[in-house]
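Colleague: Hi, do you have a moment to go through this one with me? I'd like to talk about how the pieces fit together.

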Protein chains: 2
Amino acid sequence: MLDSIDILKRNTLSVTESRKAILDLFIDTDGALAHADIEKNISNDFDRVTVYRTLQTFFENGIIHQIPTTDNTVLYALCKDKCEAGHHHDEHVHFICNLCDKTICLDEVTVPQVKLPKGFKPLQKAMVVKGICAECKN
Amino acid sequence: MLDSIDILKRNTLSVTESRKAILDLFIDTDGALAHADIEKNISNDFDRVTVYRTLQTFFENGIIHQIPTTDNTVLYALCKDKCEAGHHHDEHVHFICNLCDKTICLDEVTVPQVKLPKGFKPLQKAMVVKGICAECKN
DNA sequence: TTGATTTTGCAACAATATTGCAAATCATGT
DNA sequence: ACATGATTTGCAATATTGTTGCAAAATCAA
């Protein structure tokens with residue numbers, strides 16, 4: 001079982017109410033979260049600034065990773081245990097459902113290689129697939 | 001040669017100063033543009049609102065497409081002639097250079113197929129590669 | 001428990017995005 | 001080329017989103 005306190009300690013981060021609450025929300029959520037989702041879904045009310053700073057701290061420590069979107073929001077999702085601080089292993093495909101609007105990490109599906117034109121040197125890659133998720137397809 | 005007036009007429013859009021100017025900027029730019037880039041690079045000063053509305057109109061008419069990013073900006077780039085209104089054919093790879101920070105449409109590189117878990121139905125897909133672009137690699 | 005360090009919340013601010021409406025511009029038919 | 005109707009623009013106001021400095025509070029380590 002994933003435990004928010006464990007995760008924080010493992011990353012030598014202070015264990016605070018806000019960090020526990022936000023991390024628990026990530027653990028309980030199967031999809032990805034935007035800043036707005038967090039503010040809405042947390043019972044205890046934390047300052048906007050705290051949420052921003054907590055997300056940034058989690059990101060810098062490799063606890064969560066970012067997901068590219070075409071609207072102007074940043075989505076975050078929990079990293080699997082392979083992530084290290086500053087060195088994300090999030091090269092899995094992200095799926096956005098057109099119906100329920102959830103963003104799901106397909107951890108088993110890695111982003112494939114592509115052949116780039118001459119001179120382009122790839123360092124990181126991301127892939128987002130939109131469609132109907134397994135839940136909604138019924 | 002791409003002509004802004006042609007493009008507008010082909011999409012049954014009124015030919016106005018702002019639309020011509022913004023479309024010309026897209027045509028003259030090899031990379032993708034954010035809203036802020038447009039406001040900075042247009043000599044004639046249009047209202048922010050006009051730029052927003054123009055971008056939305058272009059997007060809805062399939063003249064430009066959006067590029068997913070992990071910062072909270074929306075990038076737009078010209079669609080190639082295959083795009084139709086409401087039905088974008090922008091399934092090519094986008095490259096973001098870590099050095100010059102330009103976003104480039106690799107129109108020749110199509111986003112590869114991936115095998116999704118059971119039940120997931122893909123409809124659109126996008127891929128972003130970060131690294132060093134051909135220009136900067138010298 | 002105490003003291004040093006980190007984190008939080010507040011306030012102020014900056015940047016970005018949206019809406020309604022009147023004035024200006026554009027397209028169409030004559 | 002001109003008048004008319006429809007569309008687009010700019011302004012103002014407002015909403016939303018993100019950032020910074022600093023004092024108070026919470027956390028950690030001894």
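Modeller: Sure, let's take the chain contacts, then the sheets, then the DNA and a helix pair.

Modeller: Please keep in mind that this is a predicted model.

Colleague: Noted. How many residues of chain A are in contact with chain B?

Modeller: On the chain A side there are 36 residues, and they are in contact with 36 residues of chain B.

Colleague: And which elements of chain A supply that side?

Modeller: Three strands each supply at least two residues to the side of chain A that touches chain B: β4 (92-97), β5 (103-110) and β6 (121-132). The most comes from β6(A), which gives 12 residues.

Colleague: What about the mix of residue classes there?

Modeller: The side of chain A that touches chain B has 20 nonpolar residues, along with 9 polar and 7 charged ones.

Colleague: Back to β6(A). In what sense does β6(A) pair with β6 of chain B?

Modeller: Antiparallel. The pairing of β6(A) with strand β6 of chain B, residues 121-132, runs over 11 bridges. To pick one spot, A:Val128 has B:Ala126 in β6(B) as its bridge partner.

Colleague: So what's the strand order in the sheet they belong to?

Modeller: The order is β5(A)-β4(A)-β6(A)-β6(B)-β4(B)-β5(B), an open sheet of 6 strands with mixed pairing. At the edges are β5 of chain A and β5 (103-110) of chain B, each pairing on one side only. Neighbouring strands of this sheet are turned by 25° against each other on average, with direction ignored.

Colleague: Mixed, OK. Parallel or antiparallel for β4(A) and β6(A)?

Modeller: Those two are parallel, with 4 bridges between β4(A) and β6(A). On that topic, A:Ile96 stands opposite A:Lys130 of β6(A).

Colleague: What does the sheet with β1, β2 and β3 of chain A look like?

Modeller: That one is an open sheet of 3 strands in chain A, ordered β1-β3-β2, with antiparallel pairing. Its edges are β1 (33-34) and β2 (64-67) of chain A; each has a single partner strand, so one side of each is left without a neighbour in the sheet.

Colleague: How many bridges hold β1(A) and β3(A) as a pair?

Modeller: There are 2 bridges between β1(A) and strand β3 of chain A, residues 75-78. In β3(A), A:Tyr76 is the bridge partner of A:Leu33.

Colleague: Switching to the DNA: which residues come nearest to strand C?

Modeller: Of the 22 residues around DNA strand C, the nearest are A:Thr16, A:Ser18 and A:Thr50 from chain A, and B:Ser14 and B:Val15 from chain B.

Colleague: And which elements are behind that surface?

Modeller: Two or more residues each come from α2 (17-28) and α4 (48-60) of chain A, and from α3 (35-41) and α4 (48-60) of chain B. The top contributor is α4(A), which gives the most with 4 residues. By class, the surface near DNA strand C divides into 8 nonpolar, 9 polar and 5 charged residues.

Colleague: Last topic. At what angle do α2(B) and α4(B) cross?

Modeller: Roughly 70°, with the axes of α2 (residues 17-28) of chain B and α4(B) coming within 10 Å. The two helices α2(B) and α4(B) are therefore roughly perpendicular to each other.

Colleague: Is that crossing left-handed or right-handed, and who makes the contact?

Modeller: The crossing of α2(B) and α4(B) is right-handed. From α2(B), the contact is made by B:Ser18, B:Arg19 and B:Ile22, and from α4(B) by B:Thr50, B:Val51 and B:Thr54. The contact of α2(B) with α4(B) counts 2 nonpolar, 3 polar and 1 charged residues.

Note on methods
Residues are numbered from 1 along each chain as its sequence is written. Chains are lettered from A and ligands numbered from 1 in the order in which they are written. This is a predicted model: local features need pLDDT of at least 70, side-chain atom pairs count only at pLDDT 80 or more; totals for chains, interfaces and linings use all residues. Two residues are in contact if their C-beta atoms, placed from the backbone, lie within 7 Å. Ala, Val, Leu, Ile, Met, Phe, Trp, Tyr, Cys and Pro count as nonpolar, Asp, Glu, Lys and Arg as charged, and the others, Gly among them, as polar. Two strands pair if DSSP finds at least two bridges between them. Axes are lines fitted to C-alpha atoms, for helices over the stretch in contact, and angles run from 0 to 180 degrees between N-to-C directions. A residue is near a molecule or strand if its C-beta atom, placed from the backbone, lies within 6 Å of it. Angles under 35 degrees count as roughly parallel, over 145 as roughly antiparallel, 65 to 115 as roughly perpendicular and the rest as oblique. A crossing is left-handed if the near helix is turned anticlockwise from the far one by less than a right angle, and right-handed if clockwise.
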